[in-house]
Amino acid sequence: MSGSLLLRRLVQAVPTLFGVSVVVFVLVRVVPGNPIAMMLPPGASLEDMERLRQAYGLDGSIVEQYVIWLGQALQGSFGTSISLRQDVLELVLGRLPATLELAVLATIMAVTVGVLAATVGILFRGRWPETLIDAINGFTLAVPDFIWALALILVFGVLLPVLPISGRVDPRLGTEFATGFYLIEALVSVRFTVVGDLLAHMIMPAIALALPLAAIITRVLKNSLAEAMAQDYVMIARVKGFSRWRIIWVEALRNASIPALTLTGVQFTFLVGGTVLVEKIFSYPGIGNMAIDAVINRDLPLIQGLILSFAVIFIVVNLLVDLSYGLLNPRLRT
Amino acid sequence: MTGARLNWRIVVGGGALLVLALIAIAAPLLAPVDPLEQDLFLELLPPWWQADADPTRALGADSLGRDVLSRLIHAARPALIVAVVAGVLTMLLGTALGLLAGYMGGMIDVVISRMVDIWTSFPPVLLAIMLVALIGTGLHSVIIAIVLIDWTRFCRVVRSETLAQTEMEYIDAAVIGGLKRGAILFREVLPNVLPLVIVLLTLEMSIAIIVEAILSFVGLSVSSDSPTWGGMIAEGRQVIHQAWWVMAFPMGLILIAVLALNLLGDGLKTALDPVLRR
Amino acid sequence: MNPVLDIRDLRVSLRRGAHLVRDVSLSVDAGEVHGLVGESGAGKTMIARAVLGILPDAIRVTGGTVRFRGEDLLRLPPKRLRSLLGREIALIPQDPLTGLNPARRISAQMTDMLRHHLGQSRGEARVNALRLLQEVQIRDPEQVLDRYPHELSGGMRQRVLIAIAFSAEPSLIVADEPTTALDVTVQKQILRLIRQMQERHGTAVLFVTHDLGIVAKVCHRVTVLHTGQVVEQGGIADIMSAHATPFTRALMDATPRYDQPADALHPVPEHVHQELRAAARRFDEANP
């Protein structure tokens, strides 16, 4: 299946990306405000302005501008950032690994906590551990990642100063990295001090991102586990003499995880969206932090590049989720 | 026993909100000092329980020497305005589009549903920041941004509920009884989706408070002079090592407001659920 | 001879208090097929589930004993009970379509119990699973082992479930309406298979069914239930004779038979039901 399905999904992604690029392009341009004027020192002449407009491809009609932009984008050139005066693609690719590492770490944490909480809740059905899990869950769902991030900073960064509250790696370590994937690189090259420092920087933003997701996974997985536990094959597993714990993990979890997986895929979108703010709060050098600055500076080429890279991430994640259905549900494989 | 539980939620949640609303309305009377008054001698003054506190500044002062308590009280106003206005407007827009899509079906439904799909594929926080950056800062833009982003939440729920309701038999009975389509929509369908919409409204109001806080944290809400909880958090974040309380108090208030709204929503959900009510 | 399963005065009730099984006693000897017959709601499935310890949450045993080779299953520590289940006591379920886990291969579902209870290695267990599939007359057992449940027909799945039930050589099998969900043609094959396997392995079977016709074909002894009470109990020949109680006779008249047209069926007369319900009420008044 995989080959043709993969191809079909990739083809489907093209119009989505095209749509996103058009929407962003138009949205960014129809509104009033002149980014060029913001770049120039006060007292610059109209000629200076016109020259800059040409330099950034901002003269001509919006359709013309889009065609030019698209043509260049297809060749891998997304223009030059107005505020940072660097190539957009380079800027985005330079920051992307930081965000990906953070998002993946947060997702792993959320899934681990969510699966554990859901299975323990089902194991102790109707007893106090389940009540406790439900109560914590309700609270976690109500509090947004924004507040979690600040509360973490306050508690573990200031009141009990055990963790760094900003940045990605301590510059005093003086570590040089060959790629943007610091954590993976440090792990591969077995530099444990560096790994520890990277994790210390990532742990709080990752928790802030993971908590709401973990709560949602717990809720959905617990419901579908409860449903699966009422199935005949679970009863048969009990009659086979297996323990409740084993039954939950071996018999029920795989069947129950499909709705939770769908949800994790959808929620990953929100998680990546959440990185925008959490990165800002923790001064973490990822594309989210960059996106806020780009928006505030009205850096049109950079905004476009960033939004498109968000769109690509969503498409890839949804693709991965679709593909993993087959692993969980043998009926979808044929 | 269910009655007692729902009472507890509605009373605690609603009560906390009422107190916050009263604080916002009576802000000029309650605030001990002018929230904009700067006094550089009081810079980063600690709250009352710490040594060298000033009794006239119960919760201390921020980096410009402004009174934290007075700013907190005044900042309840923009939060409340955004929660109510953005919440209600979002509800109206989303519900109207949802009813339209669910009840009319056909092309209208296709167009609206497709819009919902496109909308929800953007990360909402980024979309909000982008919209406000484009429309310009200020309370109006914050409200517009929330409405433009979050109408999908109501639309989606109301649409599917309307579809479910219109398939039920009593609608057929009403059509046979000679009611016009519009009349059916308002007399038969709307009352049935209303409980759901009210519960969603409490959720939306808590989201509005958070979005306002986020936008003022990023510096895109009202001007940085007039106090907002989010703005205070942003200022507090700068001086967190010297004066953690500048950030902690507004955070606490946002948390209380959000939890109260969630509690109220939960309570209303059980209280308004027609199945449980009967 | 000591019975394999000895149920004494078993009482099963809803948590709210209503009785579902009213002091039922029955015993199953080694190698015997004991039919548990009754209409739906008579309590037969509740008895089967009480034996296996899988009653629904809202239902519990409120009295009596269920002795398996002398050990009271109702009072065993959970760990000891789990070591008996699957190993010494097994189940053939009603619905083969939902009895197998859709996400696991047949091989995994057949071998997990062999490895768990008999400590067999992966390879040993697979060889035994293969032999069992051959024994329940499945063609291409090698291929079937690597399939998922949805790739097999209902009859095949029931054969797999029978193979699983017999796999650890248990001394008692509870068969809960094992043919109800199957086509009539498949039903006969499955009945014959259960009977063959039971004879070959000398397994005692508690056979739950609503169909007296099936009982007549496979059972040695029968317990007839109505409203959770024993109406009649005895050898198959006695039950089928003219001496049977009015309810059993009526139940027999209500059972479809191949040699009679369908319109010769008579539903159980209402007055027979009413007498038995009155008896149940008297029991409930005496045992609140």
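**Figure 1. Where chain A meets chain B.** The contact draws 40 residues from chain A and 29 residues from chain B. Three residues of chain A stand out here: A:F146, A:L154 and A:V295 supply 17% of the area that chain A buries against chain B, more than any other three residues. Like every view below, this one shows a predicted model. Together, chain A and chain B bury about 3000 Å². Carbon and sulfur atoms hold 87% of that buried area.

**Figure 2. Which chains touch, and which do not.** Two pairs of chains touch, and the pair with the most contacts is A and B. Chains B and C are another matter: no contact joins them. Their closest C-alpha atoms lie 18 Å apart.

**Figure 3. Chain A, built from helices.** Chain A has 13 helices and zero strands. Read along the sequence, its pattern is therefore α at each step, α-α-α-α-α-α-α-α-α-α-α-α-α. Along the principal axes, its C-alpha atoms fill a box of roughly 85 × 55 × 40 Å. Of its 334 residues, 50% count as buried. Look at contacts in chain A with a separation of 6 or more: 72% of them link residues 24 or more positions apart.

**Figure 4. The surface and charges of chain A.** Chain A exposes about 15400 Å². Carbon and sulfur atoms supply 67% of this exposed area. The chain carries 23 positive and 22 negative charges. The mean positions of these two sets are 13 Å apart.

**Figure 5. A close look at A:M109.** This residue is found in helix α5 of chain A, which covers residues 88-123. Which residues does A:M109 touch, not counting those up to four places away in sequence? They are A:I203, A:A206, A:I207 and A:A210. An α-helix has 3.6 residues a turn, so residues three or four places apart point the same way. Now compare A:R191, 82 residues from A:M109 along the chain. The C-alpha atoms of A:M109 and A:R191 are separated by 22 Å.

**Figure 6. Helix α9 of chain B, mostly covered.** This helix runs over residues 229-238. How many of its 10 residues are buried? The count is nine. The buried residues are B:W229, B:G230, B:G231, B:M232, B:I233, B:A234, B:E235, B:G236 and B:R237.

**Figure 7. Chain C as a whole.** Chain C has 12 helices and 10 strands. Its C-alpha trace spans about 60 × 50 × 35 Å along the principal axes. A compact globule of 288 residues would have a radius of gyration near 19 Å, and chain C agrees because its own value is 19 Å. Buried residues make up 54% of the chain. Of the contacts in chain C with a separation of 6 or more, 66% join residues 24 or more positions apart.

**Figure 8. The surface and charges of chain C.** About 12900 Å² of chain C is exposed. Carbon and sulfur atoms supply 50% of that area. The chain has 36 positive and 33 negative side chains. The centres of the two sets lie 5 Å apart.

**Figure 9. Helix α11 of chain C and its cover.** The helix spans residues 246-253. Its buried residues are C:F247, C:T248, C:A250, C:L251 and C:M252. What covers these buried residues? The cover includes three strands of chain C: β3 (33-37), β9 (221-226) and β10 (229-235). It also includes the helices α9 (212-218), α10 (236-240) and α12 (270-286) of chain C.

Notes: Residues numbered from 1 in each chain as written. Chains lettered and ligands numbered in written order. Predicted model: local features only at pLDDT ≥ 70, side-chain atom pairs only at ≥ 80, totals over all residues. Heavy atoms only, no water. Helix = DSSP H or I, 4+ residues; strand = E, 2+ residues; numbered from the N terminus. Rg over C-alpha atoms; globule rule 2.2 N^0.38 Å. Buried < 20%, exposed > 50% of the residue type's maximum accessible area, 1.4 Å probe, protein only. Contact = heavy atoms within 4.5 Å. Areas by Shrake-Rupley, 256 points an atom, 1.4 Å probe, with all protein chains shown as cover. Lys, Arg positive; Asp, Glu negative; His and termini not counted. Charge placed at Lys NZ, Arg CZ, Asp CG, Glu CD. Buried area = accessible area lost by both parts, 1.4 Å probe.
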